[in-house]
Amino acid sequence: MENSSNIMEILSSSDAPAKIELLQEIQNEHLDEETLLQICSLLSGEDKGVIDAASIFLYNNGNHVIPNILVPLVSSSNIALRNLVGEILLRIGSGAVDAMLLYLSKGDNDDIKFIIDLFGLIGDTKVNQTILEIFHKNENENVTLACIEALGSLGCTESLSHLFVVYEQNELFRPTVIEALGKIGSKEGLEFIVNKYKEEDELTKFSIVESLGLIGDEETFFFLLSELGLTSGALTWPILSSIYTLKEKFGFDIPFDERMKNSILETLVDAELKYKKVAAYLVMMFNDPDTILASLRVYGSDYELDETIKPKFFENAKLILTKAHEVIDKSPHNLLSLLNLLKELVEYNPNIREEFSPLELRNLTDAISTCLQHPDEEVRQVSIDLIFMIDMKMGIMFIDVMIEDDNMWNRLRLPDILETIDTPESTAALTRLSEDPEEMVSQRAKEILSNRLASGGN
């Protein structure tokens, strides 16, 4: 290791690579306060590599002096530095708590809020009493909100009585109080939340319902089921989510009636993604054709959502394939994802078309054929594969459109498909492709024609 004077010389220099290398070398060394101060000063520099190396050193080194040096920087007017210091203190965790507690009396309200936010994220309950004292005495709204959030994250049951008081005093705090009560999870808090539900506005009801999912019991479960029957619009989403959460927690059975069905449908189509995911889990529970088909409208929007719903599609492949034309005809935003799904279903069930009536088969292939001139080349490519997989004759019927595709790779796919179809129509199509301006396409078509001629085919 470098000696102390050499370390300070390098840290004070303008040689960024040397600083980074040094900080890595001395990562686990016990250094004096002067050196640690110099390392902390690097956080306000301009070289990102040096800043990153200094940050890593400071949260990994373990010297108890480091938090004492860092904490006063939360008062910096440099927002980027302030936030970086917060990240480092958060990484240090409980080891930084004492230094932050000592600094609370020195900072202004912005600093107090910042530190209390960190307390909530770190999760060390030794700060509970201090936050409670600030919660009771400090009248700054931002500080109060920080206290409410932190006390909730820390599960501080001692804060319940004052949370109830603050709830009544200021409407601004109500959603945050409800969220905190949900995290604390007490019976007293549950009763308070349920009693407030009927009289609140929709925004606060949102918070109440989500908290009920966290701390509710059997009585809450049936309360939410009854509210679902009386509720419409966006509030349906968190109610459905909390019903599902309680079902998973306690093993309750969710009744599938018309209201439940409509709630799932509305949530799948209109809700935010996190609620759509819940609706997808409920689709998996109930084998209802309408909700399964509605799921097609959101397929492709999120990987987790897709993986939740897809098994239900495979269980109901015939239903999906016979009804997919109704969705395709509407040119949905997720058309490519839908076509790829249909391709998977046909590959998994190669004989499924034998279960189609002539009308069902025609409806599907007609819908796919409209995609052969779609502006998206990937949509056209999947449609080419899919129409031949479902009905070779329909594929041949639209071969002229495919040959005119302006994407070379789509046209190059055609000879491989036509190679497996030994008919006069496929030979005629290959002959046209043998004259394609792209050499790769024409050569592949000529190769197949030559083989076909040699074998005495059509």
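Colleague: Which residues line the largest cavity?
Modeller: This is a predicted model, and it holds one cavity of 30 Å³ or more. About 30 Å³ of space lies in that largest cavity. Its lining is made up of Val346, Pro350, Ile352, Arg353, Phe356, Met389 and Ile390.

Colleague: And how many of the residues in the lining of the largest cavity are charged?
Modeller: Six residues of that lining are nonpolar and no residue is polar. Arg353 is in the lining, and Arg counts as charged. The number of charged residues is one.

Colleague: Let's move to the pockets. Which helix gives the most to the lining of the second largest pocket?
Modeller: The second largest pocket has a volume of about 210 Å³. Helix 24 (377-390) and helix 27 (408-419) are the elements that each give two or more residues to its lining. With three residues, the top contributor is helix 24.

Colleague: Which residues line the second largest pocket, and how many of them are nonpolar?
Modeller: The lining consists of Lys343, Arg353, Asp385, Phe388, Met389, Met392, Arg413, Ile417, Thr420 and Ile421. Arg353 and Met389 also turn up in the lining of the largest cavity. By class, one lining residue of this pocket is polar and four are charged, while the nonpolar ones number five.

Colleague: What volume does the largest pocket have?
Modeller: Around this pocket you'll find Leu293, Ala294, Arg297, Lys323, Glu326, Val327, Lys330, Pro332, His333 and Asn334. Helix 19 (289-295) and helix 21 (317-328) each supply two or more of the lining residues. The volume comes to about 260 Å³.

Colleague: Which element gives the largest share of the lining of the largest pocket?
Modeller: The lining divides into four nonpolar, two polar and four charged residues. Three residues of it come from one element, and that is the largest share. The element is helix 21.

Colleague: Okay, now a single residue. Is Ile448 buried or exposed?
Modeller: Ile448 lies in helix 29, which covers residues 439-455. Its relative accessible area is 2%, and the cut-off for buried is under 20%. So Ile448 counts as buried.

Colleague: What does Ile448 touch, leaving aside residues up to four places away in sequence?
Modeller: Asn351 isn't on the list; Ile448 and Asn351 are 27 Å apart in space, C-alpha to C-alpha, and 97 residues apart in sequence. A contact needs heavy atoms within 4.5 Å. The residues that Ile448 touches are Pro415, Asp416, Glu419 and Leu430.

Colleague: Stepping back, what radius of gyration does the protein have?
Modeller: The C-alpha atoms fill a box of roughly 95 × 65 × 30 Å along the principal axes. A compact globule of 458 residues would come out near 23 Å. For this protein the value is 32 Å.

Colleague: How many helices and strands are there?
Modeller: Helix 19, helix 21, helix 24, helix 27 and helix 29 have come up already. On the strand side, the count is zero. The helices come to 29.

Colleague: What percentage of the residues in the protein is buried?
Modeller: The protein exposes about 22100 Å², and carbon and sulfur atoms supply 48% of that area. Among contacts with a separation of 6 or more, 65% join residues 24 or more positions apart. Of the 458 residues, the buried portion is 53%.

Conventions. Residues numbered from 1 in each chain as written. Predicted model: local features only at pLDDT ≥ 70, side-chain atom pairs only at ≥ 80, totals over all residues. Heavy atoms only, no water. 1 Å grid on protein atoms, 1.4 Å probe; cavity = no way out; pocket = protein on both sides within 12 Å on 5 of 7 lines; lining within 4 Å. Points joined across faces, edges and corners; volume = space filled by probe spheres on them. Helix = DSSP H or I, 4+ residues; strand = E, 2+ residues; numbered from the N terminus. Rg over C-alpha atoms; globule rule 2.2 N^0.38 Å. Buried < 20%, exposed > 50% of the residue type's maximum accessible area, 1.4 Å probe, protein only. Areas by Shrake-Rupley, 256 points an atom, 1.4 Å probe, with all protein chains shown as cover.
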